[in-house]
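User: I'd like to learn how to read the features of a protein model, one at a time. Could you walk me through this one?

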Amino acid sequence: MKHLLRPLVYVLFCYTLFAASLAGQTFPHLLISPERLDEIRLASAVPGSSHAEMLALIQADVDANQLDVIDGGGRGLPSRNYARGHLAVRAAMVYAVTENPVYADIAYAALEAMYTDPLSGNVLPDGVGGKGLERAGVGRSFAMAYDLAYNGWTESQRTFVRGKIQSSLNYWEGAGSRFDNDQNPYASNWNAVVYGSQILQMIAIGEQGARAGHLSTIISRLNTHMTHYGNAGWTQEGNYYMAYAQLYLVPAIHALRRVGDTRLDARTAEKNMHLLPMYAGMFDARQQSTEWGVGGATFGNEGWTSALMAIVPEPYVGAYRWFFDRHRGLLNPAAPAARFDPNSAGTVFAMMFYPEAVDPVDPATLLPLGLHDNRGGYWFRSSWNDANDLIVSLATDTVTHGNAWNEADALQVNIMGFGSKFAGGPGTSRDARFFSQVTVDGQARASQSNTGRAEFFEVDDAGGYAIAGGGNKFSALGLSASRRHLMVSYPDDDNIAIVATFDELSSVQLRTYAWQLNEQALPLFTGEENGVPTFTLRGEDDGYLKGWVLHPAGGTLSDGNPLAYTFEGNDADIWVVMAMGKGAAPEARITGQGLAAELILGERRILWNEAAGRMEIEPAADTVAGFTMNPRSGTVPLAVDFTPTPGATGHHWDFGDGHTSTDANPTHTFTTGGVWPVTLTIDDGIGGTTTARHYFNARNNPPLASFTATPDKGDEPLTVTFDASASTDADGHSLEFS
């Protein structure tokens, strides 16, 4: 009898604990509170508001698709239960807001049908069918629907769904604990999906305490997984995979915070995951984005940008709302049914987290126009205004880990504006034609583990400059050196962006190089100006991208897709200047040839400063701003004379090394080596100011090494004393010996 009683007592004890945990819960509680739900109801009752449109969108979708999805069709996934899970979450959200019991019943019917009417290749949350990634996806739907529809279900319905979630969690703690891609260093997006789903399931039914040990393991692995993100949220697997992973990771972080668990907060604060969409997302009707890695220009409308609203740092909530309104929300020019992350159950996240009580703030008042993700690349954005915004990016792709897909897209450039993608790639293809970079002997990559190198980043209120090295990606293609410069300028006084690339490549063997843009088959026109090959791509809304190939001469400019300028050589400097704008494409004046050429567009001239090793933009000769320096480079200490263009007053010189001057014609002595940005600011005497900048290359004197050895010979074993105290440095710098 004692042996029979012990299991019964244990079962009763566990039930008592579980009943007590449920008694302390209110619903919803997983991602929002009842108080937040009341706010959503009020906001949804305001005609024309974001919440009113979101609710109408979800409700119409549920009404139109419920029978088809429950009965086995839906969403192009007839062999999976994804569609049923997404329907359940959407219907549960409609119930939570409207309290119409019909929608609670629809949510339950969708979940129940997974078991009573299984499809071919059925995927269930508790270890049946599919892969771990897919089972976790369905499990998240069970957790969210249970939390949102709980108050509209009967106890038997609650018991059924709760039992499936418990069975799912038991599976993950047991046989499912080792799933596909669950390997160190936990870099794959699978880890965010599988572990994020488990956290949501635990908290939905209040079992995070009962499963504390397993929860600790999950949190530890997610902390490791997040180390593979850059400081703006970039991951090597690209925007498709990154966005999908964060649809589980971000809600899990938020759910943990709601129960007082902050163990993922420090890592989350490091990663600033809200920044990438803000710099990469367009405001056109297709809601495009720059792409990187395994990805494309249209992605993420399953709720990524909506879910991120849950973790945006407080000072930037208004700025993120401004971005979201134009990228996915009420101010986007898309049809209403295409707004608010409509795919899957994405709009549910928008309803939960949209900050209707926070006023929108133009991000340009808080953020610079350029972003450097320390693992992914550089982004330059003209503004956060409308579909005419211009966005340019350069990939560095500086890290790769096993068990995660890396597309090896270092030195890839994206150019987008006026609703058009002028350059991008490579997406999910590894065909060299889909890369917007320089190819070597027809190749763009040697393996997916190839990476580049971040070297330089500078941003100001009119654009910026970035340099990336080709790293082992280009060394694997046989080059001894590789580097791409990107210069971006967004002038205030016209609607033209200047985008220029300068590629420095070296090889001991003769190579066939091709500078190319994968321009997605936009209308292309090629020609010549001043003996220089030109190309013009015409995009939507009368936008254009026009380019001039300034160096080298003698290549062949294709008129196909990709656009390519091809030539042969060993060492190669490839210099291409582009203008992006709207309307009629401009004509340029070109003086000089090769690397000594200067391209003049309106009031600006673009040149290659050999001494500084950089491209520069400065006023054309007939404008007031500008200056010369003599000499343009040299070894420190070096006195340099500066002469401004005549006709200006109120000179202010900033020599870049911490020294300034207000003299009209100053002489400044550089004492420290480096490439110093020299800036002249002038005024016209009636309140107008303008600036000009050159880079001065101050070369450092190398130290003189000298040492003695005492004794200088002898039989072994022999102790020898080395004295390098006679070594000197002409610049007076302290010396280090090695």
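Analyst: Happy to. Let's start with a single pair of residues: the bridge partner of Gly464 in strand E9 is Val488. Keep in mind that this is a predicted model.

User: How many bridges join E8 to E9, and which way do the strands run?

Analyst: Strand E8 covers residues 463-469, and seven bridges join E8 to E9 in an antiparallel arrangement. On to the next pairing: E9 also pairs with strand E10, residues 497-506, in the antiparallel sense, this time over nine bridges. One position to look at there is Ser489, which stands opposite Ile498 in E10.

User: Is strand E9 enclosed or open to the outside?

Analyst: Count its buried residues, where buried means under 20% relative accessible area. In E9, residues 481-489, seven of the nine residues are buried, so this strand is largely enclosed by the rest of the structure.

User: What about the protein as a whole? How many helices and strands does it have?

Analyst: The secondary structure comes to 16 helices and 31 strands. The C-alpha trace spans about 95 × 80 × 50 Å along its principal axes. Of the 738 residues, 56% are buried. For contacts with a separation of 6 or more, 65% are between residues 24 or more positions apart.

User: Let's turn to a hairpin. Which residue between E12 and E13 takes a positive phi?

Analyst: That is Asn530, with a phi near 55°, in a hairpin that has two residues between the strands. The strands themselves, E12 (residues 524-529) and E13 (residues 532-538), run antiparallel and are joined by six bridges. Within that ladder, Glu528 stands opposite Pro533 in E13.

User: And how do I read a sheet with several strands? What is the strand order in the one that includes E24?

Analyst: Read across the sheet, strand by strand. Here three strands form an open sheet in the order E22-E24-E27, with antiparallel pairing. The edge strands are E22 (627-630) and E27 (667-670), each of which pairs on one side only. Neighbouring strands of this sheet are turned by 30° against each other on average, with direction ignored. To see one pairing in detail, take E24 (residues 638-644) and E27: they are antiparallel over four bridges. Among the residues involved, Asp641 has Thr667 in E27 as its bridge partner.

User: Now helices. What describes two packed helices?

Analyst: Two numbers do the job: the angle between the axes and the distance between the axes. For helix H3 (residues 50-70) and helix H5 (residues 101-116), the axes come within 11 Å and cross at roughly 35°. The crossing is left-handed. In the contact, Gln59, Val62, Asp63, Gln66 and Ile70 of H3 meet Tyr103, Ile106, Ala109, Ala110 and Ala113 of H5. By type, these residues divide into seven nonpolar, two polar and one charged.

User: Let's zoom in on arginines. Is Arg90 buried or exposed?

Analyst: Arg90 sits in helix H4, and it counts as buried because its relative accessibility is 4%. The side chain of Arg90 reaches the backbone oxygen of Ser344 at 2.5 Å.

User: And where is Arg328 placed?

Analyst: Arg328 lies in the loop between helix H14 (317-327) and helix H15 (346-353). With 2% relative accessibility, Arg328 counts as buried. The side chain of Arg328 reaches the backbone oxygen of Phe299 at 2.7 Å. Leaving aside neighbours within four places in sequence, the contacts of Arg328 include Gln287, Gly300, Asn301 and Asp341.

User: Why does Arg41 count as partly exposed?

Analyst: Because its relative accessibility is 25%, and the buried class is for values under 20%. Arg41 is found in helix H2 (residues 34-44). Not counting residues up to four places away in sequence, Arg41 touches Ala96, Val97 and Glu99.

User: One last residue: which backbone nitrogen does the side chain of Asn100 reach?

Analyst: The nitrogen of Val102, at 3.0 Å. Asn100 is found in the loop between helix H4 (82-98) and H5, and at 29% relative accessibility it counts as partly exposed. For a view beyond the local chain, Asn100 and Gly152 are 52 residues apart in sequence, with their C-alpha atoms separated by 8.4 Å.

How values were computed. Residues numbered from 1 in each chain as written. Predicted model: local features only at pLDDT ≥ 70, side-chain atom pairs only at ≥ 80, totals over all residues. Heavy atoms only, no water. Pairing = 2+ DSSP bridges. Axes fitted to C-alpha atoms, helices over the stretch in contact; angles between N-to-C directions. Left-handed = near helix turned anticlockwise from the far one by under 90°. Contact = heavy atoms within 4.5 Å. Nonpolar A, V, L, I, M, F, W, Y, C, P; charged D, E, K, R; others polar. Buried < 20%, exposed > 50% of the residue type's maximum accessible area, 1.4 Å probe, protein only. Polar contact = N/O pair within 3.5 Å; in protein donor to acceptor, adjacent residues only side chain to side chain.
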